[in-house]
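This report describes the two chains displayed below, beginning with the annotated segments and proceeding to overall dimensions, one helix pair and two backbone details.

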Amino acid sequence: MNLFEFLGNHTYRMVFLGTAAIGLASGALGAFAYLRKRSLVSDVISHAALPGALGAFLVAVLLGLDGRRLALLLLGALLVSGLAVAASGHIARASKVRVDTAMAIVLTVFFGAGMLLMRVISDGPYPGKGGIQDYLFGNATVITRADLATIVAVAALAIGVMVVFWKEFSLRTFDPAHSAFLGFGRRVDGLMSVALVLAVVIGVKAVGLVLMVALVVTPAAAARQWTRRLPTMVALSALIGAMGGGLGTYVSVNLGAVPPGPVVVLVLFTVFVVSLLLAPGRSVGHRLVQRARVRRALRETA
Amino acid sequence: MTETPACSVRGLSAAYGTTPVLRDVDLEVPRGVVLGVVGPNGAGKSTLLKAMLGLVPPLAGQVEFFGRPLSRVRARVGFMPQATTVDWDFPTTVRDVVTMGTYGFLGWLRRPGRVERERTGRALEQCGIADLARRQIGELSGGQRQRVFLARTLVSEPDLYLMDEPFAGVDARSQQAIVGVLHGLRQAGRTVVIVHHDLATVRDYCDHVALLNGTVVASGPVDAAFTPENVRRAYDVATADDPFLDVIG
């Protein structure tokens, strides 16, 4: 199927636009997480999204609402993921436990709770519980018009927060201590966490909580190779994320019954490898060429 | 009535975790002087600056700037941390970093505009790094990095400057540039507090001195406070004829 046929099909177009929007937001916010050396926060967020979404599902069903409404599930995921991020940060600050340890502990606790909830739901008589397994490995084969609207709205909100607080985000990311001295302290961290949580939770159902971290980390790592300034890095990371999401679903549809999540990850990985090898300035390939040139110049002057 | 000092510290104590670093520090910085904070490694010189600014939470004590708490006069105080504290591989240019110094008085949400661009240009000029403005910060030498931090502090044009070892790891040329800026600030009547390592140059750079070793051993005008006896106490030198004391001149 060529790209025009693919985009002409309503179902595929929804999926394409949805994953592209997810990649755009997670790529943009992922650049900040990467530069603050907090990439794995996205793993905490995606794992904590499971109990959040499932808890929201249970509450919705018990209240007699439609448990499949994406906006509702996202709300639960947002709250619980936000709580998980705050908890790991608080543990690291208040104790001598290192932040990576704190994140691993929090991540597993929330994920364990999510698995228990999943068991409760699949054993119980809850209407509309089909598809809750998708959170683990992702399923983007069906994104309804309402789902897409929700995804795009939340992605726009995440990017909007980043744009509005651009100055504060960039200062805090570059030099946290100086930022605090100038009066931009932990409140900026809170805003950055909120934006990242927004960007990550919208992707969990489509990409899967296990692979979602790739959409946050990989575009940023690839984009870093090509640029020396923050605005270009964030824009490029967002672009790579969107491209990886869109192209990944296209390839996965063409391959047949392959879920898009893994394909998206492989597409992003390819971009990352190409960037590492070929980007000017920092890449392995560039360094080899430069060193050869210097060596030749030395030989000629000798 | 005498003018309120640029900074006054009363009974300041601070600790990293449970290890006390500063005990009961009293210090007064008169306006318009260059004050050197001098003392051996581990004396708490950097911690003193950070505790004064609230970057290390103090255990006890009060700090006032121009007679008021820091939160009320933040824009009048500038801080230059040690250059080792940031990721120099960060994708940003010299000009971007110096511009960040204007964010403090801009406050939340306001973006740097024409005025901030002009100030940034002046600060780059003053520190002799205007030609490096477009460089990625990782491409700079140690001395150039210090000058970027200095320019970032100058750009907000504060009345009081707190500088943590501005001469650390700096070559002769950068040292000269930084000294030039210091002299300029002094002539303009600004107040400067520098953490300083080199006893031999204290008399050249500083009007006042505070000898620190966990607490203030002595402070005041250089002629009165920077005596062999006080230096000996600050550095725990046992005998008065130790050749170490020759360096203070």
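Helices, as counted here, are DSSP runs of H or I at least four residues long, and strands are runs of E of at least two. The model is predicted. With helices so defined, residues 263-281 of chain A are 84% helix and 0% strand, and the end C-alpha atoms of this span lie 29 Å apart. Residues 70-91 of chain A are 100% helix and 0% strand, with end C-alpha atoms 31 Å apart. Both spans carry the feature "transmembrane region" in an unreviewed UniProt entry. That record also places the feature at residues 12-32, 44-63, 103-121, 142-166, 191-218 and 230-251 of chain A.

**Overall form of the chains**

Chain A contains 14 helices and 0 strands. Its order along the sequence is accordingly written α-α-α-α-α-α-α-α-α-α-α-α-α-α. Chain B combines 10 helices with 9 strands. The radius of gyration of chain B is 18 Å, close to the 18 Å given by the globule rule for 249 residues, so chain B is as compact as a globular protein of that length. For chain A, a compact globule of 302 residues would have a radius of gyration near 19 Å, and the value of 21 Å for the chain agrees with this.

The table sets out the C-alpha extents and the buried share of each chain.

| Property | Chain | Value |
|---|---|---|
| Span along principal axes | Chain A | about 85 × 55 × 30 Å |
| Span along principal axes | Chain B | about 55 × 40 × 40 Å |
| Buried residues | Chain A | 50% of 302 residues |
| Buried residues | Chain B | 44% of 249 residues |

Contacts between residues distant in sequence can be described in similar terms. In chain A, 75% of the contacts with a separation of 6 or more involve residues 24 or more positions apart. In chain B, 68% of the contacts between residues at least 6 apart in sequence join residues at least 24 apart.

**A helix pair in chain A**

Helix H3 (residues 41-62) and helix H4 (residues 70-94) of chain A have axes that come within 6 Å and cross at roughly 135°. Because of this angle, H3(A) is oblique to H4(A). The crossing of H3(A) past H4(A) is right-handed. On the H3(A) side, the residues making the contact include A:Val41, A:Ile45, A:Pro51, A:Gly52, A:Gly55 and A:Phe57. H4(A) contributes, among others, A:Leu72, A:Gly76, A:Leu79, A:Ser81, A:Val85 and A:Ser88.

**Positive phi values in chain B**

Which backbone angle of B:Asp24 has a positive value? The angle is phi, which is near 50° in this residue other than glycine. B:Asp24 is located in strand E2 (residues 19-29) of chain B. This residue counts as partly exposed because it has 13 C-beta neighbours inside 10 Å, where 12 or fewer would make a residue exposed and 20 or more would make it buried.

B:Asp236 likewise is not a glycine, and its phi is positive at about 55°. Its position is in the segment after helix H10 (228-234) of chain B. Is B:Asp236 buried or exposed? With 8 other C-beta atoms within 10 Å, B:Asp236 is exposed.

Conventions:
Residues numbered from 1 in each chain as written. Chains lettered and ligands numbered in written order. Predicted model: local features only at pLDDT ≥ 70, side-chain atom pairs only at ≥ 80, totals over all residues. UniProt positions renumbered as here; feature names shortened; annotations may be inferred. Rg over C-alpha atoms; globule rule 2.2 N^0.38 Å. Contact = placed C-beta atoms within 7 Å. Axes fitted to C-alpha atoms, helices over the stretch in contact; angles between N-to-C directions. Parallel < 35°, antiparallel > 145°, perpendicular 65-115°, else oblique. Left-handed = near helix turned anticlockwise from the far one by under 90°.
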